[in-house]
Structures are given as C-alpha cells and as structure tokens.
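Trainee: I've got a protein model open and I'd like to practise reading it. Can we go through it together?

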Amino acid sequence: MAISLRSSSSPLLSHVPQAGKPSCVSVRSPSRLLFLSTRSFPRVFASNASSSVDADLSSELDAVSSFSEIVPDTVVFDDFERFPPTAATVSSSLLLGISSLPDTKFKSAIETALADSECYEQQDPSKRLSCFFDKALVNVGADLAKLVPGRVSTEVDARLAYDTHAIIHKVHELLKLYNEVEVPPERLLFKIPSTWQGIAASRLLESEGIQTHLTFVYSFSQAAAAAQAGASVIQIFVGRLRDWARSHSGDPEIEAAMKRGEDPGVALVTKTYNYIHKYGHKSKLMAAAIRNKQDIFSLLGVDYIIAPLKILQSLKDSITYPDEKYSYIQRLSPSSATLYNFSEEELVKWDQLSLASAMGPAAEELLTAGLDGYVNQAQRLEELFGKIWPPPNV
C-alpha cells in the first residue's frame, strides 16, 4: 500500500469521503523503507511577511492538495517524527530493511516471530520459513497498528499471484494471525498483484468484506477488471509506463495514447478514473511512480498521488498567491467523466481470456518485472530467516 491506507474515516478504505488529509506508509526497497503522508502540510509564508496579503500566501503544494490527496514518499525511520503516518503497509521489503538495521522499533517483532513455538514445531523447513514470514508480517503490522490510527496494509506473497485459492487462503491465514494479536479486520487491507487470479481473489475477498488493494496495474483491461471486481484501491504506476515507452514499441494502448499526444501513464490514469466514475464503481484510484511536478498537475482530481519528497519540497517552496490558486485546473472529476467515450470493446465484462488478449506487451512485461521483484524479496527474506534462526535465547 501501498498507500494512503487510512482507517474507516478514509475514502481509500471505507469509500466514505471525509474532511482532512490522510497519511500513508508503504513499503519501498530496504534503503527506502516506507512512504507516508501527514494530514496536511503547513503553509509556506514569505520571509518578513507583514501585510495581510503576504500572510495569505500559500504554496503550490497547498494548491494541488485541494484537488487530490498528496502522499509523500519518504523514509519512515528518518521521518517518523517529522511526518507521523496515519496508516501503514508491511511487506517483505520492509522486513528485509528492518532485519538489515542494527536496531529499530520493529526489530523485536521479527525476533518474536522467529521464536514462535508454533513455527518452531514445523518439521518441514519450507513450512517453518513460511510460518516465520507470516508471523513477522503480522507482528510488524500489529506494531504499526499501535502507532497509526488508520489501516495497515499487508502484502500477499507474490509467489501466489497466479493461484486465486492460494491468495484467498493466505489472506484468511493472515487475518487469523491478526485476530490472535487483537488487530481487528476493519484495520486491515491486503495488497495483491493484478494478475487475473489476483483480481478474481479480490472479487471474492471484497464480497466477504475484506478490502483489497490491487497493484501492478499497467493496462486499461487490468484497471477495468479490478474496478468490476470491486477492489478498494487500484494503483497505476505512471512513470514506469513512460519509461517503458521510451525504450520499447509495439504496445497498441501506449501507441494510441502517444499518437494523441498524451503521456501513456497519465492517459491510463485518466481513462481509469473516468471509467470508475462514469459507471459507478467503488474503487479509489492511486497514481504512483510520479517523476515530476507536471505529472501532478496533469492528474489533479485523482484520488491519491504518491510523490517523491524532492517534488513535494519543490511544490512546497513555490509560493502561490491566493488568486493564482484558482488557475489550477482539475483535470479529473466525476462530472467530466460522464463525457468520456468508451468503445464497445472496452465495456465488456472482463474475464481471463479477454484480459490476457488485451493487456499488451507493456503490461505483461511490467507486471512480470514487478512480480519478479516481489518474489526475489520474499526469497531473500526467507534465506535471511533461515540463517539467523533460531534467534538468541531460543
């Protein structure tokens, strides 16, 4: 979570819009462990401001934040005090980062998992490591739940990405473990790759009242299928699609966007947002892999934008006079979505065959790359657990 993943007061999780800005913590690589957002950013005032006009100066960040929830991408262990999160995501990447550091507030959660007697009694080494993995995810997630008022999103093992029943079983196992440490289901969200099997699992889990966040969405077919499944959150990586387009060709969806003079990542977010709102789906949309301020300006109105601190600092340092704020254009809105036209081929009830045939090479390659990265992290974590188990005093 991905993700400004807040409690039931957040539209990201409950679909009920509320006032105030959400916060998020999401997993990154071990060197960039989490992203998080604060409820709001302070206004930037001109130095030596004395007039009432100067006192009303605000930043570009204030201006864009009036259209979309802006989620800072930062390092939790460096910025936890400066940017206290209101929600969190726990994953294999985060656990690797915690394990590689000499001491963190979450270290004992992993050590407790490695000392768990239920896991210890597993005779099969692979089952023992899987037990450690799940316990560590949940223990760290439970610690995060004590620190944030919102929801904790838990990554579902990417090695299960092509097995619907295994995904559902894993989510139920994680829910059981969370129940044992007294974290209620309404505080939780589960992050699932947007394979067809992941989308199908999302549909069934949502029907049980378990909210899901579908990631690695790189095509309209994935996004529309995720919306039809009722996924709580759909995440699109804007910059990754642009990066792919710069060095590849042959993807009809991307080439059609570029022929219209549109950035392929921005075009996919725009199309998905319009689809969700025109046809009444409940999903919230998150734009990630933001590369520059123009990406943000082009997506104003989308539910959530995850942006690097460097970009946010630039927005914060740019002073905007009150009358200039109104020159910002809301690119995406429910009312404008009604005017967007979709082809008959795009309005089908998506199934596994139609999804596979419509995804295109960009989505296929980027999805595979994302899954490979997640699988690699999970394997590295289990290898690490295998080396350090049993921990001291066990």
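**Reading the model, helix by helix**

Mentor: Sure, and keep in mind that this is a predicted model. Here's a starting point: at the beginning of helix 5, the backbone nitrogen of Ser93 has a side-chain oxygen of Ser91 within 3.2 Å.

Trainee: How many of the residues of helix 5 are buried?

Mentor: Run along the helix and you'll find Ser92, Ser93, Leu94, Leu95, Leu96, Gly97, Ile98 and Ser99 buried. Helix 5 covers residues 92–100 and is mostly covered. The count is 8 of its 9 residues.

Trainee: Which residues have the most contacts inside the largest nonpolar core?

Mentor: That core has 113 residues. One of its well-connected members, Val140, is in contact with Leu94, Leu95 and Ile98, among others, leaving aside neighbours within four places in sequence. Those three belong to the buried part of helix 5. The residues with the most contacts inside the core are Val140 and Ile296.

Trainee: Ile296 makes me curious about its partners. Is Val64, in helix 3, buried or exposed?

Mentor: Val64 sits in helix 3, residues 60–65. Leaving aside neighbours within four places in sequence, Val64 is in contact with Ile70, Ile296, Phe297, Leu300, Leu315 and Tyr328. Its relative accessible area is 0%, so Val64 is buried.

Trainee: What separates the C-alpha atoms of Val64 and Tyr328?

Mentor: Along the chain, Val64 and Tyr328 are 264 residues apart. In space they are in contact. Their C-alpha atoms are separated by 7.6 Å.

Trainee: Ser65 is in helix 3 too. Which residue has its backbone oxygen 2.7 Å from a polar atom of the side chain of Ser65?

Mentor: Ser65 counts as buried, because its relative accessibility is 13% and the cut-off is under 20%. A polar atom of its side chain lies 2.7 Å from a backbone oxygen. That oxygen belongs to Leu61.

Trainee: On to helix 9. How far apart are its end C-alpha atoms, and why does that agree with what we should expect?

Mentor: Helix 9 has 17 residues, 164–180. At 1.5 Å a residue it should span 24 Å, which is why the modelled span agrees. The end C-alpha atoms are 25 Å apart.

Trainee: Which residue caps the N-terminal end of helix 9?

Mentor: Look for a side-chain oxygen 3.3 Å from the backbone nitrogen of His165. Farther along, helix 9 has buried residues including Ile167, Val171 and Leu174, and what covers the buried residues includes helix 8 and helix 10. The capping residue is Asp163.

Trainee: And just after helix 9, what phi does Glu182 take?

Mentor: Most residues other than glycine have a negative phi. Glu182 lies in the loop between helix 9 and strand 7, and it is exposed, with a relative accessible area of 72%. Its phi is positive, at about 65°.

Trainee: Where is Ala289, and is it buried or exposed?

Mentor: Ala289 is not a glycine, yet it has a positive phi of about 55°. Its place is in the loop between strand 10 (284–288) and helix 15 (293–298). With a relative accessible area of 16%, Ala289 is buried.

Trainee: Now a pair of helices. At what angle do helix 12 and helix 20 pack?

Mentor: Two packed helices are described by the angle between their axes and the distance between the axes. For helix 12 (residues 238–247) and helix 20, the axes are 11 Å apart. The contact is made by Arg240, Leu241 and Trp244 of helix 12 and Pro361, Ala362, Glu365 and Leu366 of helix 20. The packing angle is about 115°.

Trainee: Glu382 is found in helix 20 as well. Is Glu382 buried or exposed?

Mentor: Leaving aside neighbours within four places in sequence, Glu382 is in contact with Leu129, Ser130, Phe133 and Arg159. Its relative accessibility is 14%. That figure is under the 20% cut-off, so Glu382 counts as buried.

Trainee: Last one: what is the relative accessible area of Tyr273?

Mentor: Tyr273 is in helix 14, residues 264–278. Not counting residues up to four places away in sequence, Tyr273 touches Leu285, Gly301, Val302, Leu332, Ser333 and Pro334. Tyr273 is buried, with a relative accessible area of 3%.

Key
Residues numbered from 1 in each chain as written. Predicted model: local features only at pLDDT ≥ 70, side-chain atom pairs only at ≥ 80, totals over all residues. Heavy atoms only, no water. Helix = DSSP H or I, 4+ residues; strand = E, 2+ residues; numbered from the N terminus. Expected span 1.5 Å × (residues − 1). Buried < 20%, exposed > 50% of the residue type's maximum accessible area, 1.4 Å probe, protein only. Contact = heavy atoms within 4.5 Å. Polar contact = N/O pair within 3.5 Å; in protein donor to acceptor, adjacent residues only side chain to side chain. Core = buried A, V, L, I, M, F, W, Y, C linked by side-chain atoms within 4.5 Å. Axes fitted to C-alpha atoms, helices over the stretch in contact; angles between N-to-C directions.
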